[in-house]
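Colleague: I'm new to this one, so please give me a close look at a single part, the largest nonpolar core. Which residues have the most contacts inside it?

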Amino acid sequence: MSPLAEPAVRLEVRTREPFADGHRFAGTGAYEVLTATAHYTVDPGAPAHRSVPDLGLAPRDRSGLVRFSGDVEILRPVDGGRRRLFFDWGNRGDKRAVQYFCDAPHTNRPRSLADAGNGYLMRRGYTIVFGAWQGDLLPGDGRLLLDLPVATRNGEPVRGLTTAEFIVAEPTASLPLSRWSSTRSSPVSERGLRTARLTRRRYPHSAPEELPSDTWRFARVQGGGSDLKGRATAVVPSRHDLHLDGGFRPGWIYELTYEAEGPLVLGLGLVAVRDLVSHLRHDPAQPAGPVDHAYGWGRSQTGRAIRDFIHHGFNEDLQGRRVFDGLLPHVAGAGRLGVARFTNLTVPGGQQYEDHLAAADTFPFAYAETTDHLTGERDAIMKRASDPKVLHTQTSTEYWQRRGSLVHTTTDGRDLPFPPNVRGYLWSSSQHVADPRAGAPTRGVCNHPENVVATSALFRAVLDALDAWVSEGVEPPPSAVPAVADGTLVTPATWSRQFPGVPSALPPRGPNELCAVDRTTVPPVADRSRRYTVLVPAVDADGNEVAGVRAPMVAVPLGTYTGWNTRAPGQGHGALHEFSGSTFPFAASEDERSHTGDPRPSVRKRYRDAADYLARIRAAAEELAARRLLLDEDVERAVALAADWSAPRHRFDLP
């Protein structure tokens with residue numbers, strides 16, 4: 001029990017306005033939008049807060065309490081809905097739940113009927129809550145902001161060594177230390193101005209080359225305004241930016257080691273989520289309306305946040321009550337947030353080429369209890385009576401870039417069952433980010449067109465399954481992940497033998513490895529002789545994954561779809577690129593297939609005509625619906641999406 005003499009949260013509602021022009025959603029009615037500021041009060045000495053880094057160094061008021069505040073927005077059914085709260089862990093401050101669950105356009109200011117997309121969340125009567133949890137974001141673009149305290153010692157900002165890594169796709173002269181223009185960096189200290197080091201290397205394990213200190217400085221390019229008859233710029237000193245003479249070269253990995261100061265107490269973001277959702281569930285004076293069950297969803301960064309939230313025990317509020325009944329971490333892979341002093345929360349979890357030593361990827365990786373075979377440590381994500389029900393979903397990309405196999409294997413690569421309150425699903429042959437409104441694929445800085453598999457309908461089925469599990473005790477569909485035992489989860493060498501010789505494909509040498517890392521040094525050092533076992537899903541003769549939940553486009557393919565893509569020449573050629581997948585279309589005809597040497601049967605060989613293709617898509621969608629992995633309403637959407645050979649995601653020159 002917390003010794004707080006006042007509520008942990010006070011919600012100040014600023015505006016209230018109709019949503020979707022007063023449109024009445026089927027089965028629910030009209031919605032309204034509330035914008036508010038949440039004022040948080042935290043006892044730094046409470047046992048529940050022991051895992052929050054630097055909380056003991058946060059400024060306190062006269063009562064010894066720590067205070068901070070954050071943005072909140074609530075979409076609520078005017079007539080009460082179904083008393084279900086759905087919390088969107090906003091990815092980097094952006095509102096994403098309505099976009100992905102309702103196939104809506106992305107906006108941080110959902111107000112119009114168009115912003116509701118197909119209205120799924122509203123038709124289900126959810127009260128949708130967007131609450132700020134990330135404290136190192138800067139204002140702009142409608143992002144949700146959390147105003148956190150800075151750690152100090154004896155009135156002075158805390159200082160310490162940290163690192164920042166930079167990779168650019170286009171030449172640029174200066175960059176924010178945070179790498180992201182939307183993120184507050186940890187500024188360089190006075191001493192750091194003199195002692196910082198900048199290196200560059202071609203690949204992650206290449207020997208670093210130190211750049212002479214007179215070729216770079218802490219500064220930014222400013223200006224561009226008119227100066228008589230020209231346009232003038234200047235290089236302006238800045239403790240938040242890095243400038244390199246001649247500019248940063250695309251594809252190279254630059255690493256800055258410097259003394260930073262003034263770290264934010266970022267771990268309070270998880271406290272904010274706990275206290276806000278608990279307040280909305282239990283305070284009769286809260287403005288969201290009555291709540292019987294609370295669910296939460298996060299993708300990528302916020303999927304990792306959910307796993308940290310559970311691991312550190314934040315799903316139990318200060319009165320010992322469960323906060324979320326169910327959580328949906330998506331594309332988190334085996335990572336967590338890894339909050340520590342000077343952490344940049346916007347930086348993604350470790351990848352093969354980018355941020356490969358990110359602190360997000362540390363034991364435990366699995367929900368079930370297991371032993372780290374490298375250290376002997378024993379732990380689990382799920383280990384408390386207050387833990388929620390979890391449906392963990394991930395794509396092929398997480399197995400290649402985010403060590404996704406470790407979610408359901410031991411650290412040395414043996415199958416590990418999920419706990420009773422967890423299910424896991426691989427969305428086969430799909431990529432990390434799948435825009436519900438995607439058009440024709442692009443390449444970016446990659447060798448191959450991006451993955452075009454449509455998966456947004458699976459979100460709706462997963463949420464329906466979670467709600468039935470929590471509210472009615474109906475078991476969700478069985479886990480659908482690859483396994484070592486049946487040969488569907490394999491070593492990279494086995495996968496390499498399985499993958500067909502697709503013309504123009506440059507496959508990766510393997511997935512993103514995971515080694516033991518010494519984090520007592522700055523920068524940290526990986527011991528490549530001590531590795532965790534990272535496995536990948538087996539593929540069929542087309543190169544598509546065998547296990548998992550096959551979306552209709554994968555079950556009835558027009559190409560090979562992978563969770564990986566490789567970097568193009570000049571961009572770190574051959575290395576895995578961020579979270580990108582690939583699409584390798586089949587040859588349109590047998591003549592084309594023969595001419596290109598493609599081992600995969602052509603589109604014309606597989607399907608009699610477009611009607612045959614659509615009929616098979618319908619059958620695949622109906623099979624998923626029968627397994628409760630697709631909603632009945634999404635069967636017709638799957639067929640509509642496949643019209644004209646799934647154009648514009650695919651383009652074929654068919655006779």
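Modeller: Happy to! A nonpolar core is a set of buried Ala, Val, Leu, Ile, Met, Phe, Trp, Tyr and Cys residues joined through side-chain atoms within 4.5 Å. Buried means under 20% relative accessible area, exposed over 50%, and partly exposed in between (1.4 Å probe, protein chains only). This is a predicted model, where local features need pLDDT of at least 70, side-chain atom pairs count only at pLDDT 80 or more, and totals for chains, interfaces and linings use all residues. Residues are numbered from 1 along each chain as its sequence is written, and side-chain values use heavy atoms, leaving out hydrogens and water.

The largest core holds 134 residues, and the most contacts inside it belong to Phe-86, Trp-89, Phe-101, Leu-121, Met-122, Leu-268 and Phe-324. Helix H7 (residues 456-472) gives the most to this core, with 10 residues; helices (H or I, at least four residues) and strands (E, at least two) are DSSP runs, numbered from the N terminus.

Now pick out Phe-324. Beyond its neighbours within four places in sequence, Phe-324 has contacts (heavy atoms within 4.5 Å) that include Phe-87, Trp-89, Val-273, Tyr-295, Phe-309 and Pro-388. Another core, of 20 residues, lies apart from the largest one, with Phe-218, Leu-244, Trp-252 and Leu-256 among its members.

For a charged residue, turn to Arg-402, in the loop between helix H6 (396-401) and strand E23 (422-427). Arg-402 counts as buried because its relative accessibility is 2%. Among its contacts are Arg-304, Asp-361 and Phe-579.
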